[in-house]
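Hi everyone, thanks for making time this morning. I'd like to walk you through one protein, so let me put it on the screen.

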Amino acid sequence: MTTDAIRRTHDGIVGAVIAGGTALGYYVDPIWLLVPGVLGLVLVQSSLTGFCPLYFVLNRTCGADGSCGRSATPTR
């Protein structure tokens with residue numbers, strides 16, 4: 001997986017978690033607003049330290065051939 005594809009995957013996951021946490025906080029219970037709040041703190045921490053937990057997981061699970069968490073060859 002290319003660096004650009006990993007970055008887009010990261011941005012999509014982060015955006016979905018922020019949107020989902022905000023929607024749950026608005027429609028279900030305000031305690032769900034902790035989800036985007038904690039994610040914001042992780043983003044600030046990663047900008048200061050250079051370590052992003054999501055990039056760590058994506059780099060470990062996504063191979064160079066673009067197979068993220070699945071087999072590169074289809075099974076029958």
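Let's start with the layout: in what order do the elements of the protein run from the N terminus on? They go α-α-α. The count agrees with what you see there, with 3 helices and 0 strands in the protein. Please keep in mind that this is a predicted model.

Now, how much of the chain is tucked away? The protein has 76 residues, and 17% of them count as buried. As for the outside, about 5,600 Å² is exposed, and 67% of that area is supplied by carbon and sulfur atoms.

On to contacts. If we take the contacts in the protein with a separation of 6 or more, residues 24 or more positions apart account for 45% of them.

The part I most want to show you is on the surface. There is a nonpolar patch of about 1,100 Å², and the residues making it are Ile13, Val17, Leu24, Tyr26, Tyr27, Val28, Ile31, Trp32, Leu34, Val35 and Val38. Which elements give two or more residues to this patch? Those are α1, spanning 3-27, and α2, spanning 34-49. The largest share comes from α1, with 5 residues.

Let me pick out one of the patch members, Tyr26. You can find Tyr26 in helix α1. Is Tyr26 buried or exposed? Tyr26 has a relative accessible area of 65%, and because the cut-off for exposed is over 50%, Tyr26 counts as exposed.

That's my tour, and I'm happy to rotate the view for anyone who wants another look.

How values were computed:
Residues are numbered from 1 along each chain as its sequence is written. This is a predicted model: local features need pLDDT of at least 70, side-chain atom pairs count only at pLDDT 80 or more; totals for chains, interfaces and linings use all residues. Side-chain values use heavy atoms; hydrogens and water are left out. Patches are made of residues with over 30% relative accessible area and no salt bridge: like charges are joined within 9 Å, nonpolar side chains (Val, Leu, Ile, Met, Phe, Trp, Tyr) within 5 Å. Accessible areas come from the Shrake-Rupley method with a 1.4 Å probe; for residues, only the protein chains shown count as cover. A salt bridge is a side-chain nitrogen of Lys or Arg within 4 Å of a carboxyl oxygen of Asp or Glu. Helices (H or I, at least four residues) and strands (E, at least two) are DSSP runs, numbered from the N terminus. Buried means under 20% relative accessible area, exposed over 50%, partly exposed in between (1.4 Å probe, protein chains only). Contact means heavy atoms within 4.5 Å.
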